[in-house]
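Work through these exercises with the model open beside you. Try each task before you read its solution.

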Amino acid sequence: MVKKIVLGVLIGLVAGGILIQFIPYGHDHTNPPVVAEPQWDSQQTRDLAVRACFDCHSSQTTWPWYSNIAPISWLIQHDVQQGRARLDFSQWTTSRRGEGDAAEQLQRGTMPPSYYVLLHPSANLTTAEKQALVQGLQASLGGG
């Protein structure tokens, strides 16, 4: 009896996992064209921002293979949409809402999120790199 219940639950989970793949949200992996970037204070600042910020805060998102698998795709799509809405380094003429607190978010450790760094080790900045990015963002964007 217990084996049948366990088997039924497993079949239900597999069927549910397959069915959620057909939900269209999370599959739009378009990157709008780059309109304008900030006037970076240095190439180092831009390079560090690319490593730690651009996947969610630019039109130059790298979409990994797992961004096609629900429900992970839903989280990634949501994060990219929210990130671009708050601060988009590729739409600098129109999207400057978060410019004042970008350095502060980085300094407090709220950006990049820990789950992002776990999956993207290159975004795990050393203390010196983080400080250089904070100073570079302050010089390039203001705030902080």
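**Exercise 1. Find the partner of Arg108 in a salt bridge, and place both residues.**

Solution. This is a predicted model. Start with the charged atoms. Arg108 forms a salt bridge with Glu104, and their closest N and O atoms are 3.1 Å apart. The cut-off is 4 Å, so the pair counts. Next, locate the two residues. Both sit in helix α5, 4 residues apart, which is about one turn of the helix. Last, check their surroundings. Arg108 is exposed, with a relative accessible area of 52%. Glu104 has 36% and counts as partly exposed.

**Exercise 2. How many salt bridges are there? Which one links helix α7 with helix α2?**

Solution. The count is 3 salt bridges. One of them joins Glu37 and Arg46, with the closest N and O atoms 2.8 Å apart. Here Glu37 is partly exposed, at 24% relative accessible area. Another joins the side chains of Glu129 and Arg51, at 2.9 Å from N to O. Glu129 belongs to helix α7 and Arg51 to helix α2, so this pair ties together parts that are 78 residues apart in sequence. Arg51 is partly exposed, at 29% relative accessibility. Keep the general idea in mind: side chains of opposite charge can pair when their charged atoms come close.

**Exercise 3. Decide whether Ser59 is buried or exposed, then list what surrounds Ser59.**

Solution. First, find the residue. Ser59 is in the loop between α3 (54-57) and α4 (72-86). Now apply the cut-off. The relative accessible area of Ser59 is 4%, and buried means under 20%, so Ser59 is buried. Then look for polar partners. The side chains of Ser59 and Gln91 make a polar contact of 3.2 Å. A polar atom of the Ser59 side chain also lies 3.5 Å from the backbone oxygen of Pro32. Finally, widen the view beyond neighbours within four places in sequence. Contacts of Ser59 then include Asn31, Pro33, Val34, Arg84, Asp88 and Ser90.

**Exercise 4. Which helix supplies the largest share of the largest nonpolar core?**

Solution. The largest nonpolar core has 18 residues. Among those that touch the most other members are Trp40, Ala49, Phe89 and Leu137. Helices α2 (43-52), α5 (102-108) and α7 (127-141) each supply at least two residues of this core. The largest share comes from α7, with 5 residues. A second, separate core has 5 residues, including Cys56, Trp63, Ile76 and Val80. As a general rule, nonpolar side chains in soluble globular proteins tend to be buried together.

**Exercise 5. Why do Cys53 and Cys56 not form a disulfide?**

Solution. Take the distance first. The closest cysteine sulfur to that of Cys53 is in Cys56, 9.4 Å away. Now compare with the cut-off. A disulfide needs two sulfurs within 2.5 Å, so this pair is too far apart for a bond. The disulfide count is 0. What does Cys53 touch instead, beyond residues up to four places away in sequence? Cys53 touches Phe89 and Leu133. Cys53 is also buried, at 15% relative accessibility.

**Exercise 6. Locate Ser140 and name the residues that Ser140 touches.**

Solution. Ser140 is in helix α7. Its relative accessible area is 15%, so Ser140 is buried. Leave out residues up to four places away in sequence. Ser140 then touches Gln39, Trp40, Asp41 and Thr45.

Definitions and conventions: Residues numbered from 1 in each chain as written. Predicted model: local features only at pLDDT ≥ 70, side-chain atom pairs only at ≥ 80, totals over all residues. Heavy atoms only, no water. Buried < 20%, exposed > 50% of the residue type's maximum accessible area, 1.4 Å probe, protein only. Polar contact = N/O pair within 3.5 Å; in protein donor to acceptor, adjacent residues only side chain to side chain. Contact = heavy atoms within 4.5 Å. Core = buried A, V, L, I, M, F, W, Y, C linked by side-chain atoms within 4.5 Å.
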